[in-house]
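Q: Got a minute to go through this one with me? I'd like to start with the charged pairs and then move on to the core.

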Amino acid sequence: MVGQVNVAGQEFVLLGTITRPHGIKGELKVRPFTAELDSIARYAQLLLATDEKAVKKTYTNEQARVSGTQVILRLRECTSRDMAESLVGQGVWVRSAELPPAAADEFYLHTLLGKAVQTVDGQQLGVAEQLLAGSSQDILVVRQGKQEHLIPVVRAFICAIDSETVTLDLPEGLLD
């Protein structure tokens with residue numbers, strides 16, 4: 001559900017990135033990083049910032065609607081195309097505490113960050129440090145010292161997630 005976040009235990013979750021203005025009245029096109037494209041509509045307040053560490057400015061979500069693979073977002077405080085253009089590149093964030101609870105057999109991708117990652121054979125791969133939003137699937141960046149593994153986040157690979165560890169059953173050759 002999240003992309004390009006790299007701080008474990010973060011207070012904020014990235015829902016998408018503003019890609020360009022839409023129309024002349026200040027609407028925005030957003031590339032969502034959520035499984036459900038329309039989930040941005042559930043949040044009354046959205047925070048905009050360039051990255052996790054940047055100061056976030058609160059905006060009022062007036063409407064979010066799906067258009068193909070993008071979301072068209074209307075913010076109360078953004079009323080012109082010029083203002084919309086100034087927001088291009090900003091991330092659309094919410095506080096982690098505002099996310100709805102995950103179902104018993106589901107998890108939020110950002111909850112993997114900061115956890116030790118190992119294979120079912122007990123091979124320690126390192127720590128999950130970052131998520132990259134891919135066009136077809138998200139990528140988990142796992143680092144141990146100078147060694148880095150880019151692992152596709154595929155449900156079939158994930159055997160267990162507990163408070164400290166993610167256990168993966170990876171296909172042969174993926175780590176080579």
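Q: How many salt bridges does a search of the whole structure find?
A: Eight, where a salt bridge is a side-chain nitrogen of Lys or Arg within 4 Å of a carboxyl oxygen of Asp or Glu. Keep in mind that this is a predicted model: local features need pLDDT of at least 70, side-chain atom pairs count only at pLDDT 80 or more, and totals for chains, interfaces and linings use all residues. Residues are numbered from 1 along each chain as its sequence is written, and side-chain values use heavy atoms, with hydrogens and water left out.

Q: OK, what does Glu11 form a salt bridge with?
A: Arg95, with the closest N and O atoms 2.9 Å apart. The two sit 84 residues apart, Glu11 in the segment before β1 and Arg95 in strand β6.

Q: Is Glu11 buried or exposed?
A: In between: at 47% relative accessibility Glu11 counts as partly exposed, since buried means under 20% relative accessible area and exposed over 50% (1.4 Å probe, protein chains only).

Q: And which residues are linked in a network of salt bridges?
A: Glu62, Arg74 and Arg76. For Glu62 and Arg76, the closest N and O atoms are 3.1 Å apart.

Q: Switching topic: which residues have the most contacts inside the largest nonpolar core?
A: Ile40, Leu46, Leu73 and Leu75, in a core of 21 residues. A nonpolar core here is a set of buried Ala, Val, Leu, Ile, Met, Phe, Trp, Tyr and Cys residues joined through side-chain atoms within 4.5 Å.

Q: What about a second core?
A: There's a separate one of 16 residues, including Leu109 and Val166.

Notes. Helix = DSSP H or I, 4+ residues; strand = E, 2+ residues; numbered from the N terminus.
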